[in-house]
Amino acid sequence: MSRGLTGIVLKGYGARDYTLTLLSKREIAPHFVRFRFASAQLFQEITWHPATWLRFWFPDPAGKRRELQRAYTLVAAYPEQGEFEIDVLLHEPPGPATLWFSQAQPGDTIASTFLGSRFRMPQPEPAGFLLIGDACSTPAINNLIVAAQPQTALEVYLESSSPHDAAIPIEAHPQLRLHRIARSSAGSLVAALESRDRSGWYAWGAGEAGTMKLLHKALKDTHGFAKEAIHVQSYWAENHKS
Ligand SMILES: Cc1cc2nc3c(=O)[nH]c(=O)nc-3n(C[C@H](O)[C@H](O)[C@H](O)COP(=O)(O)OP(=O)(O)OC[C@H]3O[C@@H](n4cnc5c(N)ncnc54)[C@H](O)[C@@H]3O)c2cc1C
């Protein structure tokens, strides 16, 4: 089964493959499902950090002899048991990942590769975290909320494309200020960011590729973040075709 150029590059970097077995699935919002997986080797070789992610290889829905890569965040890890959980947004139109997760049953297996998950919580703790994302980055944002110290200021901007998004649980934090922004264009989330003094803060963002490009520029040019205090990553692309 071919993994294309991506597969060749990952092998070149010595990335390790892991077979994952699905243990259980449960709906946590109408379009958002938690999947628990087991892997005998994964936690013998990697250490979990907030927002750690893994590359999954999905069968081609068109039936071609190839596997397609999509990434998911380990929202919870249980290293002693060799188990972890991911929260999956089931979106429309579905791609290979959404199709696989919609049909998956306990006992099913899927291949995965670990390489490229490099984010670490900034040390020392910043004065505040500005966390920006959408439904599919909620698992990582929830990890960051839990990891932040109780005295650290926390501002979260969540872009929403579906009325169901408000049902996705957000972790609690004593300093949390949550803003929900309806997506009307690639720039609507960035336009909604309030301008104020965020000296000593750290900005973390993940979401749609066009929006993340605008966000990175706005954080530097408009909101005064130094590049060392920014982590922005594209998690998906509007109208993406495999
Ligand atoms: C590091 C990283 C971590 C991630 N963690 C998670 C996670 O924990 N949970 C999670 O659900 N997703 C996560 N994602 C996002 C997920 O990998 C993408 O949404 C992926 O494209 C879904 O693949 P697909 O095969 O279902 O759809 P694709 O084949 O990629 O796309 C099919 C169609 O669906 C649209 N689409 C794709 N993704 C989305 C989306 N998120 N929202 C709305 N429309 C979309 C596309 O524009 C296209 O029209 C993560 C991505 C990265 C890079």
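**Exercise 1. Find the bridge partner of Ala77 in S6.**

Solution. In S6, Ala77 is bridged to Phe84. Now step back to the strands. This model is predicted. S5 and strand S6 (residues 83–89) run antiparallel and share 3 bridges.

**Exercise 2. Place S5 and S6 in their sheet, and find the edge strands.**

Solution. Start with the order: S4-S3-S7-S1-S2-S6-S5. These 7 strands make an open sheet with antiparallel pairing. Next, look at the ends. Strand S4 (67–73) and strand S5 (76–78) are the edge strands, and each pairs on one side only. Last, the turn: neighbouring strands are at 35 degrees to each other on average, direction ignored.

**Exercise 3. State which strands helix H3 touches.**

Solution. Helix H3 (residues 96–103) packs on this sheet. Its contacts are strand S1 (16–29), strand S2 (32–38), strand S3 (53–59), S4, S6 and strand S7 (109–114). H3 makes an angle of about 85 degrees with S3.

**Exercise 4. Describe the sheet with the order S10-S9-S8-S11-S12.**

Solution. This open sheet has 5 strands, paired in parallel. Strand S10 (176–182) and strand S12 (230–236) each have a single partner strand, so one side of each lacks a neighbour in the sheet. From one strand to the next, the twist averages 10 degrees. Take one pair: strand S8 (residues 128–134) and strand S9 (residues 153–160) are joined by 7 bridges. There, Leu130 stands opposite Glu155 in S9.

**Exercise 5. Trace the strands that helix H4 lies across.**

Solution. Helix H4 (residues 138–147) lies across S2, S4 and S6, at about 30 degrees to S4. H4 also lies across S8, S9, S10, strand S11 (201–208) and S12, at about 165 degrees to S8.

Key: Residues are numbered from 1 along each chain as its sequence is written. This is a predicted model: local features need pLDDT of at least 70, side-chain atom pairs count only at pLDDT 80 or more; totals for chains, interfaces and linings use all residues. Side-chain values use heavy atoms; hydrogens and water are left out. Two strands pair if DSSP finds at least two bridges between them. Helices (H or I, at least four residues) and strands (E, at least two) are DSSP runs, numbered from the N terminus. Axes are lines fitted to C-alpha atoms, for helices over the stretch in contact, and angles run from 0 to 180 degrees between N-to-C directions. Contact means heavy atoms within 4.5 Å.
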